[in-house]
Amino acid sequence: MTRKVLITGGAGFVGSGLGLGLTKLYPDWKITALDNLKRRGSELNIPRLTQAGIEFIHGDIRNPEDLDPQLLKPDLIIECSAEPSVLAGYNSPGYLLQTNLVGTINCLELARQTQADFIFLSTSRVYPIAYLNTLNFEEQATRFQLLEEQSITGASKEGIAEEFPLNKARSLYGTTKLASELLIAEYADAYGLRTLINRCGVLTGPWQMGKVDQGVFALWVARHYFRKSLKYIGHGGTGKQIRDFLHVYDLLDLIDIQIQNLDQLKGETFNVGGGLENTISLYEMTQLCQQITGNQIEITGVAETRPGDVPIFVTDSRKIRKVTGWQPRRNAEKTLTDIYQWIIEYEKELKGIF
């Protein structure tokens, strides 16, 4: 079926990756990318989008007039727009609240008026920090590692599942996403919309304009490539904190499955990530980056932990894997090598950004 797809945040890392991937899979679909271009480097994606036949609209989901149902007429909205930084909630809460909450409401209004399907990219950051900081783990030579014995529902050595409790603080960023999830459920019930929520862990890959507070995988490779220093921040300053990661192309594979099976999956919320087999610590990532780039850089330890940070997060994505049969296919070496090769190819454009 030919579809008219609107991707909000469509010039960002995830939005552009999904748009370009879907265009290759379905050349007859009409795909529109809407983005306010606030994040530095997102402007580099505009030529890639237009060359692929994707219409780009310079707009902002905070402004309802930029989401004109008569102009856009989508039958599927993939909501990727967000201020993705936890630290931004502490430093500039106004923009975060307007983008991540009011913006989602405006997108839902567009879906209501057009009866569009709605796929929302939420975050693992909806899970409360206080609970995450009570997880049982052991310190190993290069990383922290979750233990099987956990006292909290929804936690195991496999990571954090959808049943993990939600009744404590989680950061303003995580709260805007959880509030959006609740509103999506209400819109789906009230207006008969087919909706789906993906609580994503760390997403990464080429074209991610990594910063200290968000996009750490791309940042780590870039700093090694350009021979710039880094820091292990928090949790003793050893770099043993771990995350699971998911290559953006593995996310694309999943989104494709979800689009084709929305009737069966509608109303569901899924934890989406690389899982236990795709976990890595900052220290381990340093070793891989040295191997891939051939460069060693200065890395200093900062013992003090930043607000909202946690020593360990692993996405238990067994629910979505069981329901769909989807599996991530790209490991840490492949993912970091893809980022490295992208930086080599676009070194001139990226040097100023990284």
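What follows is a short chat about reading the sheet, a helix and the cores of a predicted model.

Biologist: Which ground rules apply here?

Modeller: This model is predicted: local features need pLDDT of at least 70, side-chain atom pairs count only at pLDDT 80 or more, and totals for chains, interfaces and linings use all residues. Residues are numbered from 1 along each chain as its sequence is written, and side-chain values use heavy atoms, leaving out hydrogens and water.

Biologist: In what order do the strands of the open sheet run?

Modeller: Strands of a sheet pair through backbone hydrogen bonds, either parallel or antiparallel. Here seven strands (DSSP E runs of at least two residues, numbered from the N terminus) line up as β3-β2-β1-β4-β5-β10-β14, with parallel pairing. Two strands pair if DSSP finds at least two bridges between them. The edges are β3 (55-58) and β14 (269-272), each pairing on one side only.

Biologist: And which residues of helix α9 are buried?

Modeller: An α-helix has 3.6 residues a turn, so residues three or four places apart point the same way. In α9 (helices are DSSP H or I runs of at least four residues), the buried ones (under 20% relative accessible area, 1.4 Å probe, protein chains only) include V248, L251, L252, I255 and I259.

Biologist: Which residues touch the most other members of the largest nonpolar core?

Modeller: Such a core is a set of buried Ala, Val, Leu, Ile, Met, Phe, Trp, Tyr and Cys residues joined through side-chain atoms within 4.5 Å. This one has 36 residues, and L18, I78 and L251 touch the most other members. Its largest share, six residues, comes from α9.

How values were computed: Buried means under 20% relative accessible area, exposed over 50%, partly exposed in between (1.4 Å probe, protein chains only).
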